[in-house]
Amino acid sequence: MRTTAARRRARRTSTGAGVAVAVLAAVVTGCDSGGPAAGGERGAQAPPRWNPAPASVAAVGDSITRGFDACSVLADCPEVSWATGSDPAVRSLAARLLGDAEVPARSWNYAVTGSRMADLPGQLASAAQHKPGLVTVMVGSNDACRPTASSMTPVAEFRAGFEQSLKDLRAASPTSQVYVSSVPDLQRLWEQGRDSPVVRQIWKLGICQSMLADPLSAEAGATARREKVRARVVEYNEVLREVCAKDELCRYDGGAVFQYPFAADQLSHWDWFHPGKDGQARLAELAHRQVTAAQPPR
């Protein structure tokens with residue numbers, strides 16, 4: 001009986017040791033496989049990384065991206081577009097990223113003069129068909145440039161339009177990166193041309209009346225109107241920043257275009273409002289700096 005009892009104790013000891021070994025193995029395996037025992041975010045999927053050298057570029061937006069009034073009066077001039085133009089004097093973003101020879105085959109411009117945020121989903125749908133490496137977005141000027149300040153696009157509507165646009169793009173082209181330009185400071189453009197009699201006559205033709213009407217008036221109403229338009233542009237830019245920040249493949253310019261001190265010689269000499277060739281080149285330079293930066297602007 002003593003021999004039998006000893007054997008039972010030995011089996012129990014062996015079984016207990018086996019369980020301990022099995023538990024230890026499970027813990028080690030859990031650590032190696034990134035399971036719960038790994039702790040933290042070690043097993044989490046890494047977020048997509050920004051590619052500073054996309055293989056193709058599609059552009060959406062308004063008259064600025066179409067090069068309106070940069071080459072001739074009341075006409076688009078996409079060859080000088082900051083985003084996808086081919087003019088060597090501008091050196092567009094696409095030319096800087098892809099090389100001049102590749103611009104015709106690997107860049108597309110779907111911007112439309114006069115567009116507002118409400119038009120962005122349709123333009124992005126067209127761009128998404130190419131599955132571009134990068135999509136440039138510059139929109140919002142026409143949402144603020146209205147016949148009157150009271151007819152500007154409401155901020156909530158502007159936000160909803162941008163959110164829906166990015167959502168639709170992600171569904172159609174999940175890996176396309178997005179570079180979002182801030183809306184230019186329209187008040188600065190008013191400051192550049194208001195003292196010229198010729199410019200004031202041109203502005204009377206109907207250019208951005210919410211900002212440019214009665215350009216020399218210093219009355220309280222005119223001043224308040226201009227300040228209201230500028231404040232709305234600031235709100236639009238905050239929307240662009242906030243919505244873009246929620247998308248891992250979206251990069252906002254940090255207000256670079258809004259803050260850029262455009263001078264008169266960088267504006268169209270036909271309307272003194274849209275960028276001329278030199279202004280388009282400055283936009284291309286700003287965009288290239290942001291797109292190729294190791295980290296997004298802060």
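# Exercises on a predicted protein chain

The protein chain has 13 helices and five strands; helices (H or I, at least four residues) and strands (E, at least two) are DSSP runs, numbered from the N terminus. The model is predicted, so that local features need pLDDT of at least 70 and side-chain atom pairs count only at pLDDT 80 or more, while totals for chains, interfaces and linings use all residues. Residues are numbered from 1 along each chain as its sequence is written, and side-chain values use heavy atoms, with hydrogens and water left out.

## Exercise 1. Confidence

Determine over which residues pLDDT stays under 50.

Solution. Step one concerns the whole chain: the average pLDDT (the predictor's confidence in each residue, from 0 to 100) is 88, and 85% of the residues score at least 70. Step two locates the stretch: residues 1-43 stay under 50. For these residues the model has seven contacts beyond four places in sequence, a contact being heavy atoms within 4.5 Å. Step three is the reading: where pLDDT is low, the predicted coordinates should not be read in detail.

## Exercise 2. The sheet

Establish the strand order of the open sheet and identify the strands that stand at its edges.

Solution. First, the order is S2-S1-S3-S4-S5, with parallel pairing; two strands pair if DSSP finds at least two bridges between them. Second, S2 and S5 (250-252) each have a single partner strand, so one side of each is left without a neighbour in the sheet. Third, neighbouring strands are turned by 15° against each other on average, direction ignored. Angles here run from 0 to 180 degrees between N-to-C directions, and axes are lines fitted to C-alpha atoms, for helices over the stretch in contact.

As a check on one pair, strand S1 (residues 57-61) and strand S3 (residues 134-138) are joined in the parallel sense over five bridges. Within this pairing, Ala58 has Val135 of S3 as its bridge partner. Finally, helix H11 lies across strand S4 (177-180) and S5, running at about 150° to S5.

## Exercise 3. Cores and buried residues

State how many residues the largest nonpolar core has, and which helix contributes the largest share.

Solution. Begin with burial: 46% of the 298 residues of the protein chain count as buried, where buried means under 20% relative accessible area, exposed over 50%, and partly exposed in between (1.4 Å probe, protein chains only). A nonpolar core is a set of buried Ala, Val, Leu, Ile, Met, Phe, Trp, Tyr and Cys residues joined through side-chain atoms within 4.5 Å. The largest such core has 67 residues, and Trp82, Val180, Leu186 and Phe273 have the most contacts inside it. Helix H11 (residues 220-245) supplies the largest share of this core, seven residues. Another core, of five residues, lies apart from it and includes Cys77, Val80, Val90 and Ala281.

Next, take Val180: beyond four places in sequence, its contacts include Val137, Phe162, Leu240 and Tyr252. Met117 also touches Phe162 and Leu240, among others. Met117 lies in the loop between strand S2 (107-109) and helix H5 (120-128) and is buried, with a relative accessible area of 1%. The C-alpha atoms of Met117 and Gly61 are separated by 8.3 Å, although the two residues are 56 residues apart along the chain.

## Exercise 4. Disulfides

Count the disulfides and give the pattern that they follow.

Solution. A disulfide is identified as a pair of cysteine sulfur atoms within 2.5 Å, and the count by this rule is three.

- Cys71 and Cys77 have sulfur atoms 1.9 Å apart. The S-S torsion is about -65°, so this disulfide is left-handed. Cys71 is partly exposed at 30% relative accessibility, whereas Cys77 is buried at 2%.
- Cys145 and Cys208 have sulfur atoms 2.1 Å apart. The S-S torsion is about -80°, so this disulfide is left-handed. Cys145 lies in the loop between helix H6 (141-144) and helix H7 (155-172), and Cys208 in the loop between helix H9 (197-203) and helix H10 (209-212), so the pair ties together parts that are 63 residues apart in sequence. Both cysteines are buried.
- Cys244 and Cys250 are joined with an S to S distance of 2.0 Å. The S-S torsion is about -115°, so this disulfide is left-handed. Cys244 and Cys250 are both buried.

With bonded cysteines counted along the chain, the pattern is 1-2, 3-4, 5-6.
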